[in-house]
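Colleague: Could we go through this model together, one question at a time?

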Amino acid sequence: MKIHVWGSRGNCPVPGSSTVEYGGNTSCVEIVLSDGSRIILDAGSGLRNLGKRILKERMQKEIHMFLTHAHWDHISGLPYFAPLFSPEYSVVIHAGPIDKEQIRKQVMTLLSEPYFPAQEKRILANLQFARAMPMVQRVGSAELQPIALNHPDGGYGFKIIDQGDTFLYMPDNELEGREYPDGETYYEYVQRFKSTDLLFHDAQFTPEEFANRRGQGHSSFVSALNIAMTAGVKRLGLFHHDPERTDDQLEKLDKLAKDYVERNESKMSVFVVREGMEIDI
């Protein structure tokens with residue numbers, strides 16, 4: 001698998017001079033599988049740039065997009081996704097656990113007035129909708145296992161298994177604090193994360209910030225580190241950065257995380273996920 005990050009922020013896009021290094025676009029991750037199939041996880045503002053590249057390089061014409069949930073920072077790029085407006089492409093949007101007609105209604109509402117100039121009549125791609133959760137899905141050479149997020153209004157992360165390699169994507173997940181009805185327990189997450197090759201996990205807060213923000217559906221970076229080390233994760237990417245976090249602050253957080261792992265005598269590799277990053281598994 002090849003992982004390409006097009007957006008790693010949470011809440012809202014934050015362009016500007018203080019976010020150049022780590023990027024200001026919201027959640028969007030592209031995965032190219034071992035057989036060449038393409039998966040997109042989330043449709044945040046980073047999706048716009050991915051769509052431009054897909055058209056420019058005339059990449060594979062069948063695209064599978066999996067939405068973890070429908071909060072704005074995970075869907076705001078959809079009206080700007082260029083392949084939707086080209087007859088050369090087939091786009092399948094997987095979401096749920098609602099049925100296909102409800103998914104279609106939600107997406108088309110986003111692409112309609114008064115939220116956006118009416119786009120439905122401009123869609124030329126073969127656009128399809130599929131209920132993604134809670135069933136295991138197959139796309140190309142990979143299996144996608146949904147994992148319930150501990151987050152307001154629910155949602156699902158995904159464990160992607162391709163030729164024995166594993167990538168786990170958990171962008172909005174509160175590990176310690178409030179437990180939401182549809183989420184899983186801390187112990188269940190440990191079992192889900194066991195021996196994962198690469199985990200992207202919500203790390204929006206510092207421990208000090210989290211103390212005042214319990215119940216918002218996000219984790220501190222220390223909570224993400226602790227569960228990843230407990231589960232024997234090989235590489236951890238700290239993801240879903242707070243929009244107020246500057247490049248300098250993320251650089252310091254990266255060092256704090258590496259020092260924390262070293263103090264705990266763990267062999268796990270950790271890094272702060274940045275926009276534009278490419279990772280091979």
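Modeller: Two strands pair if DSSP finds at least two bridges between them, and helices (H or I, at least four residues) and strands (E, at least two) are DSSP runs, numbered from the N terminus. This is a predicted model, in which local features need pLDDT of at least 70 and side-chain atom pairs count only at pLDDT 80 or more, whereas totals for chains, interfaces and linings use all residues. Residues are numbered from 1 along each chain as its sequence is written, and side-chain values use heavy atoms, with hydrogens and water left out.

Colleague: In which sense do strand 9 and strand 10 pair, parallel or antiparallel?

Modeller: Strand 9 covers residues 156-162 and is joined to strand 10 over five bridges. The two strands form a hairpin with two residues between them, and Q163 in that turn has a positive phi of about 55°. Within this pair F158 stands opposite Y169, and the sense of the pairing is antiparallel.

Colleague: Which residue in strand 11 stands opposite M170?

Modeller: Strand 10 also pairs with strand 11, here in the parallel sense and over four bridges. Five of the six residues of strand 10 are buried, where buried means under 20% relative accessible area, exposed over 50% and partly exposed in between, with a 1.4 Å probe and protein chains only. The residue of strand 11 opposite M170 is H201.

Colleague: Which helix gives the most residues to the largest nonpolar core?

Modeller: A nonpolar core is a set of buried Ala, Val, Leu, Ile, Met, Phe, Trp, Tyr and Cys residues joined through side-chain atoms within 4.5 Å. The largest one has 30 residues, and those with the most contacts inside it are F193, L225 and L238. Among the elements that give two or more residues to this core are strand 10 (165-170), helix 3 (186-193) and helix 5 (221-231). The most, eight residues, comes from helix 5.

Colleague: Which residue numbered above 230 are we to call buried at 0% relative accessibility?

Modeller: The residue lies in the loop between strand 12 and helix 6, and it has a positive phi of about 65° although it is not a glycine. Most residues other than glycine have a negative phi. Because its relative accessibility is 0%, the residue that counts as buried is H240.

Colleague: Which residue does a cis peptide bond join to E113?

Modeller: Most peptide bonds are trans. Here omega is about 5°, and the partner of E113 is found in the loop between helix 2 (100-110) and strand 6 (126-131). That partner is P114.
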